[in-house]
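Grab a coffee and open the viewer. Here are some exercises to work through with the model in front of you.

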Amino acid sequence: MSQSSTEQDRKAVYKKSLNLPKTAFPMKANLVQNEPASLKRWDALSLYDTVQSARQDSDRFVFHDGPPYANGSIHLGHMLNKCLKDFVVRTRLMAGKSCRFVPGWDCHGLPIEHKVMQELSESGKLAKLSELSEDNRRMAIRRECQKYAQKYIKHQSAQMQRLLTLGDYANPYMTMDPNYEGAVLEVFAGLVAKSVVYRRLKAVHWSVDNETALADAELEYYDREDISVFVDFEADDAEKVYDAFGLKGDNRPYQRPCFMIWTTTPWTLPANLAIAVNPRFEYALVRVDGNITVLASALAEKVTKQAKSDGFETLATTTGEKLLGLRYRHPFMGAGPDFSTQPAAAMVGAEPEGIFRVVGAEYVTLEDGTGLVHTAPGHGADDNATGVREHLPIYCPVTANGAYDNSVPEWLRGKNIWKANTEIAEHLRSSGHLFHDYKFMHSYPHDWRGKTPVIFRATEQWFIGVDEPVDGGDTLRAMALEKTASGVKFVPEWGRNRMRGMLESRPDWCISRQRAWGLPIPAFYTPDGKVLLTEASVRAVAKGFREKGSDSWFTESAQSLLRHYEPKKDDHAPRGLDVKSLTKGHDIFDVWFESGSSWNAVMRERSGGRDYPIDLYLEGSDQHRGWFQLSLLPALGVTGRPPYRTLLTHGFIVDKDGHKMSKSLGNALDVDELVKEFGADVCRWWIASISYENDIKADLSYFKTAGEAYRKVRNTLRFMLSNLDDFVPSPPGKDCGSGEGMCVAFSDYPTASIDAWVLKEFDRLSQRVREAFEKYHFRAATEHLYNFCNDTLSAVYLAAVKDRLYCDKPDSARRRRTQSTLWDLTDGLCRLLAPVLPHTADEAYRALHRSEEVCVHTTTFIEKFGVKAEGGWPKVMEAREAALKALEEVRASGVIENPLDAGITLPDPDHELRDFDPCDLADLLGVSRVSLDPKADAPSVQDLRNEPRCERSWKRDTTVRVRSDGGMLSDRDAEAVGLA
RNA sequence: GGGCCUGUAGCUCAGUUGGUUAGAGCGCACCCCUGAUAAGGGUGAGGUCACCGGUUCGAAUCCAGUCAGGCCCA
């Protein structure tokens, strides 16, 4: 045998004698295959129920899930939202608290109904439906909508579970559940009892063709030719107009001045009740074509040119402010419409003597027209708002089929409005009120089904008044503002301002819709037009809905729906009420009223009041106006307190350039594809590592980065596991630190040992991570966790203890102590990681325990190990930094390449390092030897290449010498292989 | 057009009540290890703090405006 082959043999023997890492925990995560297996395992464990019952007597953290709309697939925003919620729930559970998560879905509403109607239309079934009675037609649509919602709830639920979110998916809440519906009506009854619910006219898009109100989503815009008119409205009191313009005595013309308005819908002129000006604009009194008229200064030239007039002369100017309150005469409505023929709701809050007046409005612009806006509160959204504010009647002389009623002059009565357009123009021309008219093309809303032009028409709607005193006390607006100012915690804090701004400017809440797919507003009508809607009647219907669902509204008679109602006991019932004669209303609730009542339906009722108010609502920042506000208002009305203690919001996902993400822009990422490519744990890590308060940029490359970070964490766990292959921990249920099995009792750790140091570092980590979780700072938590794995463990501790793990005798006290430490670190780390990486943390936890029976999610965080460490450790780490820099300099000069060829002398002027084991220090620096020099002021590097090298540990130790087998070994290595 | 918010290395973010040379991580560059190996370690280079004024002895930080972007309204 040659010399070299003996050397080869010896090398092989030595290598075999090492305790090299070994583990079944794979480096490659294979999340896409293994995560579904985790889901199955947790399912078999009934994990959600198991954890809930284990925590049932613990401190409660009450969380409430806001319902997404049951339509389509979940998008990145849902993923973000659901994962953040899951972090909250899991961190509370791991902190030992009780925290339930009942996922919910918003089921009713137009988007689904619209989709279903489209499908019915395409399949030709729509025509058949129109032959049915109104109730039967609606029921047929509702059945389809329900199927549709159920389908997408199932789909979205599966997607959410695939994200590894932990919740009661077996028992979600759905706004179309009979019990939920009943609970919403209970909230409504509470508001009715407080007298904040009322009914008045509101201008809505109206299809003349189908005689129905339309939502924005049901409009399609097409070009259409219309007549547009400039009309002079004569001033009622000429002197006051001239006063407003500051014209005195002889400067005043002898003519009556006019106000010139412009409109593209002459048919709405009969409903004109006011002229709006912008108080901030300058208005001119001009002479044009022999008339004296008022219009915005900036538009005088444009208008007169358009009319091909000979020019104009400006007599005076003034501000819009000065014009307010001036009166005018309607060109053909005489003293005004006959309001007695109008529905009572038209006159709610109205002061009809205030009509034909100049009023102010900020929406008046200088883009088109004259700067004076024809205002018909019954025929426009802006006009409507102005009308309500100015106490004008909401006057609408147009009936459902698009013809005028009898409140207009005889020549218009019964006429179709589209035909009236030209007739009105001609009438104005012959009476001398028409300044100019022309035909033009413009984009105009049409009924999506009939493709016919729609109109704005005032219809009766239900409202919740935010300025009505609740029980004679504060208004809802005042209560909401007060609670926003001090009764609710906002994360981030600026949510408070945002909410306040919205509350200050919000109008009354219109809660009625004229659709089929929703919760009926339980109003009944007497033959003479009186309404039955009282607290008792609503509660009676609520009871009925809980029994048979809201479908019963369409299948049962009024009498049957009111089977739980006793009119005699209801002081608020209309006099002489005969239930048999009642008819049902056709309105349904705004879906926001349903979701805005979830605090009652899901939390308050189900818990018998215990889970109210709720600790946390967590949604996107758009919900300040949506769910947050529309939950606050009903809750304040009914319970007098906000439904939540804390509101946490997250921003919106945008692309990497900061622009909004949308399918049509082609920059959207797909959740299913992301999960398929990266796995849920990686996606969750990404979410946990972003700052969610503002816009969130998302890009495929960010998920790759998250994947890298995930791999780092995974490899750290894997390396620790791989060094525990021969380690027997304490029996289950016992702390590793108890000293049983191969474990070392915490009290036996030398304070100067590197193990004591790392366990103390873990305590610091645990403290910081748990605090960050508590404050919803998931980003900070993952950053700490990552840095701990990357820096404290991988670069420092694990690098340092490799030598003893590999080369010490397997059962050396030093090695066992380090293994004991590794076991605790892995255990503690798995638990801290569990809320963010539920699959991986559990996988590692099972590998640690070598058992498929255990589950990290049934455990709680380890707060601290409490091992004491030497006070000088920070100094050691400082010395390490300095030494590594010195080493790098020597390396760069090409002298020493491998750190094990080097020794280092550390300066120790204050003797702070002498209590530490020189071997530990050498391991920490990755060099062969460390010595201390009280007189040195900087670390110095020694070249040890001339000293013998241990063939087994590769260290150049002073004890290295030839052993009986002919090999060069240090004392430690010789002992490990059984040589003297 | 209005309300709320954002703008700091190539990227994602820290940056306390204004106060030394603006910090991390990723990425990048160079090097080491080959006994964590589709791994691991070391060192280093990157910034006119969006722009323009102002307050101040001193501004990333406070104020006004501009630009860009987001959410919600109109």
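Each exercise below has a task and then a solution in steps.

**Ground rules**

This is a predicted model, so local features need pLDDT of at least 70, side-chain atom pairs count only at pLDDT 80 or more, and totals for chains, interfaces and linings use all residues. Residues are numbered from 1 along each chain as its sequence is written, chains are lettered from A and ligands numbered from 1 in the order in which they are written, and side-chain values use heavy atoms, leaving out hydrogens and water.

**Exercise 1. Confidence**

Find out what pLDDT chain A averages.

*Solution.*
- Start with the scale: pLDDT is the predictor's confidence in each residue, from 0 to 100.
- Chain A averages 92, and 99% of the residues score at least 70.
- For the model as a whole, ipTM is 0.97 and pTM is 0.92.

**Exercise 2. The surface near the RNA**

Work out which residues come nearest to RNA strand B, and which element gives the largest share of the surface near it.

*Solution.*
- First the cut-off: a residue is near a molecule or strand if one of its heavy atoms lies within 4 Å of it.
- There are 46 residues around RNA strand B, and Arg498, Gly658, Asn694, Arg779 and Tyr806 come nearest.
- Sort the surface by class: 19 residues are charged, 16 nonpolar and 11 polar. Here Ala, Val, Leu, Ile, Met, Phe, Trp, Tyr, Cys and Pro count as nonpolar, Asp, Glu, Lys and Arg as charged, and the others, Gly among them, as polar.
- Now look from the RNA side: of its atoms within 4 Å of the protein, 80% belong to sugar or phosphate and the rest to bases.
- Next, pick out three N/O pairs; a polar contact is a pair of N or O atoms within 3.5 Å (within protein, one must be able to donate a hydrogen and the other to accept it, and residues adjacent in sequence count only if both atoms are side-chain atoms).
  - The side chain of lysine 15 has a polar atom 3.4 Å from a phosphate oxygen of RNA strand B.
  - For arginine 498, a side-chain N or O atom is 2.6 Å from a base oxygen.
  - For aspartate 695, a side-chain N or O atom is 2.9 Å from a sugar or linking oxygen.
- Two or more residues each come from helices H15 (495–505), H24 (700–722), H26 (778–807) and H29 (873–892). Helices (H or I, at least four residues) and strands (E, at least two) are DSSP runs, numbered from the N terminus.
- H26 gives the largest share, 8 residues.

**Exercise 3. Two sides of a helix**

Say which residues of helix H22 (residues 671–678) are buried, and why they end up on one side.

*Solution.*
- Set the cut-offs: buried means under 20% relative accessible area, exposed over 50%, and partly exposed in between (1.4 Å probe, protein chains only).
- The buried residues of H22 are Val671, Leu674, Val675 and Phe678.
- They are on the same side of H22 because they cover an arc of only 95° around the axis; the arc is that of the directions from the helix axis to the C-beta atoms.
- The face turned away from that buried side carries the exposed residues Glu673 and Lys676.

**Exercise 4. Following strand S24**

Trace which strands pair with S24, and in which sense.

*Solution.*
- Two strands pair if DSSP finds at least two bridges between them.
- Strand S1 (residues 63–64) pairs with S24 in the parallel sense over 2 bridges; histidine 64 has tyrosine 617 in S24 as its bridge partner.
- Strand S25 (residues 644–650) also pairs with S24 in the parallel sense, over 6 bridges; glutamate 619 has threonine 649 in S25 as its bridge partner.
- Check the burial: 7 of the 7 residues of S24 are buried.

**Exercise 5. Backbone oddities**

Locate the prolines 492 and 613, then ask whether phenylalanine 356 and histidine 911 have a positive or negative phi.

*Solution.*
- Keep the background in mind: most residues other than glycine have a negative phi, and most peptide bonds are trans.
- Proline 492 sits in the loop between strand S17 (489–491) and H15, and the peptide bond from valine 491 to it is cis, with omega near -5°.
- Proline 613 lies in the loop between helix H20 (598–604) and strand S24 (614–620); the bond from tyrosine 612 to proline 613 is cis, with omega near -5°.
- Phenylalanine 356 has a positive phi, near 60°, and counts as buried because its relative accessibility is 7%.
- Histidine 911 has a positive phi of about 55°, and is partly exposed, with a relative accessible area of 36%.
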